[in-house]
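User: Please take a close look at one part of this model for me: the end of a helix and what follows it. From there, I'd like to hear how the packing and the ring contacts fit in.

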Amino acid sequence: MSTFIVPTREEVSENNQAIFDNLKKALGFVPNLYATYANSDTALENYLNFANAKSSLSAKEKEVVNLAVSQVNNCIYCLSAHTVIGKMNGFNDEQILELRAGKASFDSKLDALAQLAKNITENRGRTDENILENYFAEGYTKANLIDTISLVGDKTISNYIHSTTQVPVDFPEAVSL
């Protein structure tokens, strides 16, 4: 397999350089996975626009999906990044491990969301009817469903990019399940 080197600011397009500058201001650094997107002149901007688009899901709910999907896809980079972000959104270590496993005993609504995200990912969209019915019974809507599926796709793209490139993880590494 080819070795993927994380591009530096000087090695990316002018548009991506501006995005790197904004990321550095906002986060203090440019995450390696984002820099890897910048191998394309358009992928990083497209990804960030999609990832930061309006959604009917809260930031906390997005992390439920991100953690469950990244675990199914066994992406250590995204698991590590979203463990940090999950903590920023109020989850503790035990809850994060549960969410990664596709459940949330501490919150029935988030449990339905975690189960759905895991099931969609494992079954490539062929969702179990009982899991879907439970999701709706917990108060989620059809709009939430479409946003959840979109988020599964969004996270899967990042999981696949890391799985293919194997760029170094630049977050505290998540523990194995």
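Analyst: Happy to. A helix here is a DSSP run of H or I with at least four residues, and helices are numbered from the N terminus. Please also keep in mind that this is a predicted model.

Let's begin with α8, which spans residues 129–137. At its N-terminal end, D128 acts as the cap, with a side-chain oxygen 2.9 Å from the backbone nitrogen of N130. Beyond the helix comes G139, which has a positive phi near 105 degrees. Close by in the numbering is Y140, whose ring has the charged end of K109 over it, 4.6 Å from the ring centre. A similar arrangement involves K60, which lies over the face of F91 at 4.8 Å from the ring centre.

Now for the packing. α8 is one of the elements that give two or more residues to the largest nonpolar core, together with α4 (59–72), α6 (93–100), α7 (108–122) and α9 (142–165). The biggest giver is α7, with six residues. This core has 22 residues, and those touching the most other members are V64, V65, L99, L110 and L113. L99 is a good one to select in your viewer: leaving aside residues up to four places away in sequence, its contacts are V64, L67, A68, F91, A104, F106 and A114. F91 therefore appears twice in this picture, as a contact of L99 and as the ring beneath K60, where a charge counts as sitting over a ring within 6 Å of its centre and within 35 degrees of the ring normal.

There is also a second, separate core of 17 residues, with I19, L23, Y47 and L48 among them. Y47 is buried, at a relative accessible area of 9%. The ring of Y47 pairs with that of Y34: the centres are 5.9 Å apart and the planes stand at 55 degrees, so this pair is tilted. Since Y34 is in helix α2 and Y47 in helix α3 (residues 43–51), the pair ties together parts 13 residues apart in sequence.

In total there are seven aromatic pairs. Another of them is F29 with F171, an edge-to-face pair at 5.7 Å centre to centre and 65 degrees between the planes. This one links distant parts of the chain, 142 residues apart: F29 is in the loop between α1 (14–27) and α2 (32–37), and F171 is in the segment after α9. The two partners fall into separate exposure classes because the buried class ends at 20% relative accessible area: F29 is partly exposed at 29%, while F171 is buried at 19%. Together with Y77, these two residues form one aromatic cluster.

Back to the backbone, where G139 has company. N74, in the loop between α4 and α5 (76–88), has a positive phi near 55 degrees without being a glycine. N74 counts as exposed, with 59% relative accessibility. Q166, likewise not a glycine, has a positive phi of about 55 degrees, and Q166 sits in the segment after α9.

Finally, a word on annotation. An unreviewed UniProt entry places the feature "domain: Carboxymuconolactone decarboxylase-like" at residues 43–106. Across that stretch the chain is 69% helix and 0% strand, with 37 Å between the end C-alpha atoms.

Methods: Residues are numbered from 1 along each chain as its sequence is written. This is a predicted model: local features need pLDDT of at least 70, side-chain atom pairs count only at pLDDT 80 or more; totals for chains, interfaces and linings use all residues. Side-chain values use heavy atoms; hydrogens and water are left out. A polar contact is a pair of N or O atoms within 3.5 Å; within protein, one must be able to donate a hydrogen and the other to accept it, and residues adjacent in sequence count only if both atoms are side-chain atoms. UniProt positions are given in the numbering used here, feature names are shortened, and annotations may be inferred rather than shown by experiment. A nonpolar core is a set of buried Ala, Val, Leu, Ile, Met, Phe, Trp, Tyr and Cys residues joined through side-chain atoms within 4.5 Å. Buried means under 20% relative accessible area, exposed over 50%, partly exposed in between (1.4 Å probe, protein chains only). Contact means heavy atoms within 4.5 Å. Rings of Phe, Tyr and Trp (its six-membered ring) pair if their centres lie within 6.5 Å; planes under 30 degrees apart count as stacked, over 60 as edge-to-face and the rest as tilted.
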